[in-house]
Amino acid sequence: MKSIVSFFKKIRNVNNKSTDRRNKKELISSKLAVNLNRIKEIFVYPKNQDFKIRKISIRSINRVGVILYLNGMVDSKKVEEHIIKPLQEEPCNDEKLTNIDLINKVINVSIADEIDTFQEIKKKILDGRTVLLVDGSRKAIYMDTVGFSYRNVEKPTAETVVKGPKESFSESTQVNRSLIRKQLRNEKLITEIMSVGESSPLDISMMYIDDIASPDLVKKIKKRVQDIKADVVQNIAILEQHLEERPYSLVPTILYTERPDRVAAFLQEGHVVLVDNSPAALVLPVTFWSFFQTAEDMYQRWAYGNFIRLIRLLALLTTLLAPAAYIAMTNFHENLLPTDLLLAIAATRENVPFPVIIEVLLMEISFELIREAGIRIPNTIGPTIGIVGALLIGQAAVDANVISPIIVIIIALNGLSSFAIPNTSLNYMIRIMKFIFSFSAYLFGYLGISISLTVTLSYLASIKSFDVPFLSPLSPYYPSSGDTIIRPPVWKQWLRPLNIYPQDKQRKEKVEGDDSND
Amino acid sequence: MIKESDGKIGIREFVSIIVFSIILKVADMTPNLLFKEGMTATWMMPLIMGGYILLPLLILLSLLNRYKSKGLIELIYSITGKYVGFIISFVLTIISLLGTAVNLRDQVDILNTLFFPKTPIIVLLIIITISCYLIAKRGLEALGRTCWLLLPIIIASFILLVALALGEVNLEYIYPIWGPGLSQLFKSSLLHISIFGELFLMTTFYPFVRDDKKYYRGTFYSLFIIITGMVLSFLLYITVFDYPTIQKIAFPFQALSLYVSIGYFIANVENLFLIFWFIGAIMRFSIYLYVTTAIFAYTIKIEEFELLILPVSIVTIPLALIPENSIVAMRIFWEDYILKFTWPFFILLPIFLWIVDYFKGRVNDEVC
């Protein structure tokens with residue numbers, strides 16, 4: 001027992017030591033050779049061939065310096081033209097020039113500053129900056145020369161619209177932030193940069209509008225991000241899982257969106273957005289309605305926007321309930337169906353050897369298989385999935401008397417509806433819950449469905465995303481513009497949803513007008 | 001300033017909770033009990049009962065208003081002291097617990113008779129109790145929000161039922177308009193006043209409602225909704241089924257939903273109403289479990305009462321199994337044992353509390 005305790009103590013001590021070493025600030029010395037050795041040690045040079053060290057003599061101050069950067073992370077053209085060239089060619093003015101003077105007078109890179117610890121040097125180099133060490137100086141200079149390669153701004157793939165902007169985020173923070181700022185030209189739009197992860201930190205930009213977003217909310221999110229105890233947080237999708245309050249719950253509480261225009265709309269309501277080098281941004285806090293709505297609902301005219309929302313609500317209910325309702329109907333409540341239809345269904349089921357639940361599960365699982373395979377399949381053999389799928393969920397299965405034709409209709413309808421659910425997280429949630437509903441319908445018919453429905457609703461009503469009730473502003477009621485299942489016309493949406501606790505409640509003065517067209 | 005969610009509920013959620021806890025009585029065997037007494041004039045009974053409980057309710061609310069941030073049980077304790085307070089609160093706990101058990105049994109028997117004849121009663125009972133426990137466990141806020149979400153749906157389905165049943169209505173069935181005679185009507189209304197007992201029990205949550213003034217308004221809104229709903233449904237039952245027949249129908253709501261149809265093709269719409277009735281019933285018993293637990297916890301002075309919901313739910317199951325069937329449950333246990341003993345309690349308790357408070361207050365004032 002004692003040995004175990006001491007073993008754990010040892011582990012803790014080791015951990016403590018390693019974090020101590022990480023946190024300790026190690027200052028730069030004035031000797032270039034010493035500094036260089038330490039940096040070589042940090043970056044495992046010369047084993048690491050991507051790490052570049054270039055000695056230069058700085059003419060303007062008549063001293064030797066070293067330029068450090070990671071190959072592939074920097075724009076080498078920028079390094080050559082704007083750093084090396086001026087440093088070597090600028091004529092000697094004054095030997096007493098300091099680092100600051102170097103920055104001010106010689107180097108022509110837009111962002112440059114002094115740093116004085118090895119930790120900072122390491123961080124800056126890893127972020128794609130170039131660091132200049134000057135002999136005899138206790139400070140280093142970093143220069144912004146980031147030159148990653150990333151995709152161009154392309155069309156969104158998961159959140160497509162017919163009407164509205166067709167840009168999506170790309171794998172670069174700079175580009176992503178510029179896309180947001182382009183949509184939302186507000187001087188109060190703030191970007192704060194935080195870093196997450198201990199061994200290879202990830203820079204995350206937190207954006208919010210200063211005079212709208214609730215300060216408590218901003219503080220809370222900041223704290224939550226800083227509290228993440230992870231060695232590496234690779235990107236925003238992983239960050240989402242670190243941030244959420246209920247890791248085992250089926251219900252998503254953070255919105256992952258690839259559309260800058262949606263992000264801009266959320267920012268204006270007082271939400272906070274996290275952006276990094278990922279092709280998406282995180283919006284938090286969110287409500288159920290954020291998952292249910294799409295950007296297009298707002299871009300289309302009032303009637304059309306509401307029409308597509310109602311269709312989507314229908315799709316959501318169909319996905320959740322169609323198989324369950326069919327099971328309940330055929331097993332418990334035959335009398336719901338008109339007699340003719342009932343007889344037709346019974347006739348088609350005559351030759352099928354399985355009970356309804358097996359039939360439904362068989363088809364549901366096949367459909368899920370086709371879905372998953374459709375995503376993973378290499379593009380070159382993509383079309384086969386259609387053929388295989390048509391055989392599986394189609395005439396062949398019916399002809400073989402494995403399933404009844406009515407099931408094909410139910411599952412096809414169900415699959416089609418599930419594609420109309422706009423958000424991937426919501427989509428998964430509904431698809432998993434569909435199985436729970438089917439089982440409860442199999443056990444207790446409509447009673448089972450009602451129980452599942454009520455329990456689900458009460459669960460949804462009870463959870464919160466960063467203190468915002470998930471079904472608000474509908475339940476609990478908060479004053480808002482009523483943009484939930486259906487939306488009012490754009491000019492009537494003068495009130496921000498108060499469930500996000502915005503500082504400034506109104507978008508504009510309430511418009512007095514009447515609804516009639518004359 | 002809009003407050004962040006603080007464990008309190010707003011007026012909308014509060015009204016929905018009260019409405020759900022009472023209005024669904026039109027869909028169990030309560031109408032049978034009332035029609036036995038009220039005959040063709042049963043539809044007036046909710047109105048009369050509403051009149052009866054108005055005074056005690058107002059007294060209770062004014063007392064609660066005086067003792068701010070105290071619920072019903074805490075109020076009883078602080079007015080009547082440790083021992084009497086315990087006895088009264090304990091009686092309330094028992095009333096609430098038995099009411100929950102008997103009504104649950106009634107509900108399960110309806111399910112068993114009409115829809116799941118082969119399923120053992122205990123299985124249905126356990127399933128429903130488990131689901132109600134799961135909902136109640138999520139707390140008052142979740143209950144209120146869910147009820148508020150579901151209330152419009154339930155009301156819409158009720159309106160649809162009324163609209164569909166209008167074709168079957170025969171207005172002449174409501175004569176003789178005074179039924180058994182006015183005096184009899186007033187007397188039997190008084191005896192069945194405990195049907196509205198939840199209004200009193202709900203005052204346990206007085207400190208959890210965001211605004212005192214809203215509590216008054218909320219109580220009266222919910223009373224209005226409940227009375228309207230009851231009057232309408234009793235009118236519907238009597239005008240569709242007629243008086244002597246209605247007594248022979250065990251489950252008038254379910255019978256009515258079987259009776260109506262939308263055209264020839266969709267002849268059986270009852271399943272639609274069934275789903276809403278199931279949902280309503282589950283919400284109703286979740287509220288009952290929560291209220292019972294809360295009253296019990298306040299009686300024995302436990303703060304964290306949400307842990308007690310499980311034991312209370314477990315106790316409910318054997319209690320609900322005691323009556324042999326729903327007729328025994330409703331006619332004997334509910335009507336003869338509970339309703340007939342508790343009506344004086346609900347009327348007299350507020351008056352008693354008020355008198356004690358009045359004298360105590362006067363003594364205190366003199367001391368000061």
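Modeller: Two residues are in contact here if their C-beta atoms, placed from the backbone, lie within 7 Å, and angles run from 0 to 180 degrees between N-to-C directions of fitted axes. The model is predicted. With these terms, helix α9 (residues 260-269) of chain A lies across β6, β7, β8, β9 and β10 of chain A, and runs at about 55 degrees to β7(A).

Biologist: What makes the angle of α9(A) to β7(A) parallel, perpendicular or oblique?

Modeller: The angle is about 55 degrees, and since roughly parallel needs under 35 degrees and roughly perpendicular 65 to 115, this value counts as oblique. Helix α8 (residues 236-243) of chain A lies across those five strands as well, β7 being residues 202-209 and β9 residues 272-275, but its angle is given to β10(A), at about 25 degrees. That value is under 35 degrees and therefore counts as roughly parallel.

Biologist: What makes β6 and β8 of chain A edge strands?

Modeller: The open sheet has the order β6-β7-β9-β10-β8, with antiparallel pairing, and β6 (189-196) and β8 (255-257) each pair on one side only. From one strand to the next, the twist averages 25 degrees.

Biologist: How do you know that β8(A) and β10(A) count as paired?

Modeller: A pair needs at least two bridges found by DSSP. Strand β10 (residues 281-284) shares three bridges with β8(A), in the antiparallel sense, so the requirement is met. Within this pair, L255(A) stands opposite V283(A).

Biologist: Why is one side of β1(A) and of β3(A) left without a neighbour in the sheet?

Modeller: Another open sheet of five strands in chain A has the order β1-β2-β4-β5-β3 and is antiparallel. Since β1 (51-58) and β3 (112-115) stand at its edges with a single partner strand each, one side of each has no neighbour in the sheet. Neighbouring strands here are turned by 25 degrees on average, direction ignored. The partner of β1(A) is β2 (residues 63-70), over eight antiparallel bridges, and I53(A) stands opposite L68(A) there. Across β2 and β4 (130-134) lies helix α2 (residues 32-42), at about 10 degrees to β2(A), which counts as roughly parallel because the angle is under 35 degrees.

Biologist: Why are α5(B) and α13(B) called roughly antiparallel?

Modeller: Two packed helices are described by the angle between their axes and the distance between the axes. Helix α5 (residues 82-114) and helix α13 (residues 270-299) of chain B pack at about 160 degrees, with axes 9 Å apart. An angle over 145 degrees counts as roughly antiparallel, so the name applies. Their crossing is left-handed. The residues that meet include F86(B), F90(B) and L104(B) in α5(B), and F285(B), Y288(B) and F296(B) in α13(B). By class, this contact has 13 nonpolar, seven polar and no charged residues.

Biologist: How do you know whether the radius of gyration of chain B agrees with that of a compact globule?

Modeller: For 368 residues the globule rule gives a value near 21 Å, and chain B has 21 Å, so the two agree. Its C-alpha atoms fill a box of roughly 75 × 45 × 45 Å along the principal axes, and its secondary structure comes to 15 helices and zero strands.

Biologist: What makes up the side of chain B that touches chain A?

Modeller: Here 30 residues of chain B are in contact with 29 residues of chain A. At least two residues each come from α1 (11-23), α6 (121-137), α7 (139-165) and α13 of chain B. By class, this side of chain B has 17 nonpolar, seven polar and six charged residues.

Technical notes: Residues are numbered from 1 along each chain as its sequence is written. Chains are lettered from A and ligands numbered from 1 in the order in which they are written. This is a predicted model: local features need pLDDT of at least 70, side-chain atom pairs count only at pLDDT 80 or more; totals for chains, interfaces and linings use all residues. Helices (H or I, at least four residues) and strands (E, at least two) are DSSP runs, numbered from the N terminus. A crossing is left-handed if the near helix is turned anticlockwise from the far one by less than a right angle, and right-handed if clockwise. Ala, Val, Leu, Ile, Met, Phe, Trp, Tyr, Cys and Pro count as nonpolar, Asp, Glu, Lys and Arg as charged, and the others, Gly among them, as polar. The radius of gyration is taken over C-alpha atoms; the globule rule is 2.2 Å times the number of residues to the power 0.38.
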